Every structure is written in C-alpha cells, then in structure tokens.
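Let's take a friendly walk through a protein model, stopping at a few places along the way. Keep the structure in view and turn it as you read.

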Amino acid sequence: MSFEHPNRNGETIREVEREIMKRPPEHNTTNLDLDRMTLMLDLLGHPEQSFRVIHVTGTNGKGSTARMAEAICRAYGLRTGLYTSPHLERINERIAIDGQELSDDDFADAWDQIKDLVDMVDATMAKQGKPKMSFFEVLTSMAIWKFADAPVDVAVVEVGMGGRDDATNVLDADAAVIGPVDMDHMKWLGDTVEDIARHKAGIIKPGCTAVIGPQPHEMEVLPILEDAARAAHATLVRDGYEMEVVSRMPAVGGQVATLRTPLGTYAEVPIAKFGEHQAHNALAALAAAEVVIPVSGALDGDVVAEALSGVRIPGRIEQVRTSPTIIVDGGHNVNAAQSLRAAIEENYDFRQLVGVVAMMRDKQIEEYLGVLEPVLSQIVVTENSWRERVMPAEELEKIAVGVFGRDRVIRRDDLPDAIQTAVNLVDAEDEVGVGYGHGVLICGSFVTAGDARTLLKERMNPDLAKPKAERVEPNLGE
C-alpha cells in the first residue's frame, strides 16, 4: 500500500469501479486463457509465491465454502486474504484481509498500484492480436497484489467461472476444493457435466490436496476429478469417502453437525447457515483448512466451532427481515434451487411464501422455477439492474405461467414494486400481524439478491420493518 499517499489521486470508489468495470467482461470466449494473468504476475514479480492458497470452484457453494475456510484459518491466528465474486452491493466486497473488506481508499490504492502494469499488459496483447485484460483479471491482479502486500499467510480464492481457464488459475493451490458440479455457464464451459467437470478439474495442481464435495452426477463427474488428481499426484479427499458429514440437525440460526475429516472427527459443530448443503460446504472448508494450518493432527474443535458459528454469507439463504420474513438468495441454477427448497422445507413452516424472481436470460429458467413451485404460493416476476443480461419481465412471465398457472403469477417490471407487491400479499393474509408463517423469497440471481439487499437496507419504505399494526398507510387522498 502507498502508506505515504493512500488514494493519492483522491478518486471515489465509484470512479475506480467505473474505470475497472468498463473493461471487457470475463464471459468472453476470446479471453479464455491465462496469457494476460501470467504476464501480469511476471511484471509484479510473482507475489503469489508469498502465501499459501486454498482455491475453490464448483457450480454451487464456492462462496460459502471459501468464507468458511477463511474463517477457520483466521480463528487459528493466520493472516488471511479472501477473494470472492460476484459482489452484491459494493465492489470492495470481493477483496478482504483478515475478514474486513478493503476500504474505499485501500481499493483505490490497489488500482493505483497496478494500473500502469495493466496498460503494459494491454499493449503487449495488442501487439499479439489478443484482447486486453478483462475486469475480472484486473480485480484478480489487485487481490493478489494486496494479499502479498499485507502480507497474508493464506489466501482463500474463489474461482470466477469454471477453473482451467479462469484468471485465478495462475495460483498453485495447496488445497483445491471442487464443490458440486452441475449444469451452468454452458455457453463457455460445455453442454455436458463431463465437459464442465474437466474445466473445474483444472485447478488441481501437482502435489496439492484435492478436496471433492458431494457430486449430484457422481457417476459422470467423480472419475474425471479422480483422474485429474492422480495425474497431478494430488492427495484425494472425497465427501462420502475420506471425509463425511456424520450427522446433522437443525438449530436456531443454522444447524449442528458432526464432521469427519482425514485428521479427525469434530463433534456437534455449530454452523450458522441453513441447509444440508451448507454442512457439506463446512466439511470441505474444514478439510481444506487442515491442509494450510501448520499444526500436527486434527484442529482444535473449539476453535473450529467458534469460526463456523460466526460465518455470515450474504445473499445465500439470507434472512434480511422479519414481520414479514424476507429471505434473499442469489442461487441461479437447478442445483441451487434444490438446496434452497430443501433448506426452506427443513427450517421454516410457511403457510404462505411469495416469490420475487428476476433471472438472467441464459439460465435454465423453467427448470429452476419448477423446483421452487411446490413451496411458493405465488410468484412476482420482475427484472434486476443488469439490463444487458436479465430476462425481460414479460418473457419471464410467460415461462412462469407455464409452471405456476396464470392465477399464481404477477408481473411487476421494477424490483422495488415487485418486493412491495409481495409484502402486500403476505400482509393481506397475516391476520395476527406478526409475520409468523408468512414470507417473501427474493431469488434467481446474485444481482437480484444484491439489488434487494440495497433496497431493503437503504431505500425501501421504513414502515416495512415494522409489524403490520404499526405501519402508516399512505394517504390516497393527496
């Protein structure tokens, strides 16, 4: 960091964000290689060699697993770096040191430190007829630089998309975590789970420990991941084999699980998230943490429990309001919908749950809605703020009608109106006025989740936070 001149140019975080985000997207078939990142690390002097790495991929659960692994490492006294994506509300969320996201000045300073090198990489690529650095490559470079500059002992890094060609794959993982592999990002990763698994297996590096989560397509996927591990002479730790969730039960604010890893059994560990999938994410995080924490044998169970009981994961089955209950979830594929439905059925007793859904047009929308249909009383279809990718509400409405029927579907083109409509629907059925048994689920995309969190925290009518009986009704006569 430029301690003498932090954010020496006095840039606002919005100015820096605009400068970075105007670059090419990561979802670009012309930049699916590591050429730009390799050159950038050469120019930086290979800062990635100064810390240990937990590298996390998978179709779902990457962010949760990464946050849990970071929390365990930090609880053990290691200095940690955490790199996740996408961000929900602030771009700073993507890069954290010791559990704290970068301040605006620190983030601006990180950009200031590498932007001249970015120009050099762009110029070199232009001479070779190749694309310039994408915004994700720039952010990844900033994270690696900040982690080395801190310096951190271990960096926990979430893959952006896939694995083999992802910008983060210039890192050589000590622990390579591969969560459930399912259908997503088919335009870039392939049309079969086998193709997608080959991409994700690319993060398994020579001599690392490959931590493999539960696989919904085990027969097709597991042999590919096992072959990649053997080819890299990696140690293989598989959910259901070398490690397992021995038992679990719901608890207030989450669950309690007994977890077995190659180093030991951790009894009755509190996990501050709902859903069976989160117990398996915690198991993978624990196995990965065992690789990089310099102790002999199993970790201290009390330290592990303290770490996992305090993990908060924004946008993942996150309850952001009560009375009525409002849950926000950023999952956007079928596997995520299945986990979401299972968590709701296990942990809530809704008599009425109204969905507010906005999704990207390249997702398996009909299948996603079909999974959630049995738990939703009605659905309000809408749009989020990513206008270039979001499915227009009019088109989403047609798909939703095919799944739910005409009488259970409402369309509101703007997300604030959609949320208010859903709240009004549950209020109308809530005779007691305390919100019990009535809820709103806002889901379909991390952009939708981020938009909703911002609206509910900053701009939504403050009366929504009050019990129904205390709300002030609008004066329709004015």
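Our first stop is Asp407, which sits in the loop between helix H13 (393-404) and strand S16 (409-411). Bear in mind as you look that this is a predicted model. Is Asp407 buried or exposed? Its relative accessible area is 65%, and a residue over 50% counts as exposed, so Asp407 is exposed. To get a feeling for distances, find Gly213 as well: Asp407 and Gly213 are 194 residues apart in sequence, and their C-alpha atoms are 40 Å apart in space.

Now move on to Gly437, in the loop between helix H14 (415-429) and strand S17 (438-443). With a relative accessible area of 7%, Gly437 is buried, since the cut-off for that word is under 20%. Which residues does Gly437 touch, once its neighbours within four places in sequence are left aside? The contacts are Asp349, Phe350, Arg351 and Gln352. For another distance, look for Leu78: Gly437 and Leu78 are 359 residues apart along the chain, and 43 Å separates their C-alpha atoms.

Let's step back and take in the whole chain. Its secondary structure comes to 15 helices and 17 strands. The radius of gyration is 23 Å, close to the 23 Å that the globule rule gives for 478 residues, so the chain is as compact as a globular protein of that length. If you draw a box along the principal axes, the C-alpha atoms fill roughly 65 × 50 × 45 Å. Of the 478 residues, 57% are buried. Contacts also tell us how the chain comes back to itself: among those between residues at least 6 apart in sequence, 75% join residues at least 24 apart.

What about the outside? The accessible surface of the chain comes to about 19600 Å², and carbon and sulfur atoms account for 49% of it. As for charge, there are 48 positive and 77 negative side chains. The centres of these two sets lie 3 Å apart.

Next, pick out helix H3, made up of residues 62-75. How far apart should the ends of its 14 residues be? The expected span counts 1.5 Å for one less than the number of residues, so H3 should span 20 Å, and its end C-alpha atoms are indeed 20 Å apart. This helix is mostly covered, with 12 of its 14 residues buried. Among the buried ones are Lys62, Arg67, Met68, Glu70 and Ile72. Just after H3, Gly77 takes a positive phi of about 95°.

That brings us to the backbone and its less usual spots. Most residues other than glycine have a negative phi, and most peptide bonds are trans. With that in mind, look at Asp98, whose phi is near 55°, a positive value in a residue other than glycine. Asp98 is in the loop between S3 and strand S4 (100-101), and at 29% relative accessibility it counts as partly exposed. Ile317 is not a glycine either, yet it has a positive phi of about 45°. You can find Ile317 in the loop between helix H10 (301-309) and strand S12 (318-321). Its relative accessible area is 6%, so Ile317 is buried.

Where are the cis peptide bonds to look for? One is the bond from Ser85 to Pro86, with omega near -5°. Pro86 has its place in the loop between strand S2 (80-83) and strand S3 (95-97). Another runs from Ala150 to Pro151, with omega near -15°. Pro151 is in the loop between helix H5 (135-149) and strand S5 (154-158).

We finish in a strand. Thr265 lies in strand S11 (residues 264-271), and with a relative accessible area of 55% it is exposed. Which residues is Thr265 in contact with, leaving aside its neighbours within four places in sequence? They are Thr258, Leu259 and Arg260. Val237, 28 residues away along the chain, has its C-alpha atom 15 Å from that of Thr265.

Key. Residues are numbered from 1 along each chain as its sequence is written. This is a predicted model: local features need pLDDT of at least 70, side-chain atom pairs count only at pLDDT 80 or more; totals for chains, interfaces and linings use all residues. Side-chain values use heavy atoms; hydrogens and water are left out. Helices (H or I, at least four residues) and strands (E, at least two) are DSSP runs, numbered from the N terminus. Buried means under 20% relative accessible area, exposed over 50%, partly exposed in between (1.4 Å probe, protein chains only). The radius of gyration is taken over C-alpha atoms; the globule rule is 2.2 Å times the number of residues to the power 0.38. Contact means heavy atoms within 4.5 Å. Accessible areas come from the Shrake-Rupley method with a 1.4 Å probe; for residues, only the protein chains shown count as cover. Lys and Arg count as positive and Asp and Glu as negative; His and the chain ends are not counted. The place of a charge is taken as NZ of Lys, CZ of Arg, CG of Asp or CD of Glu.
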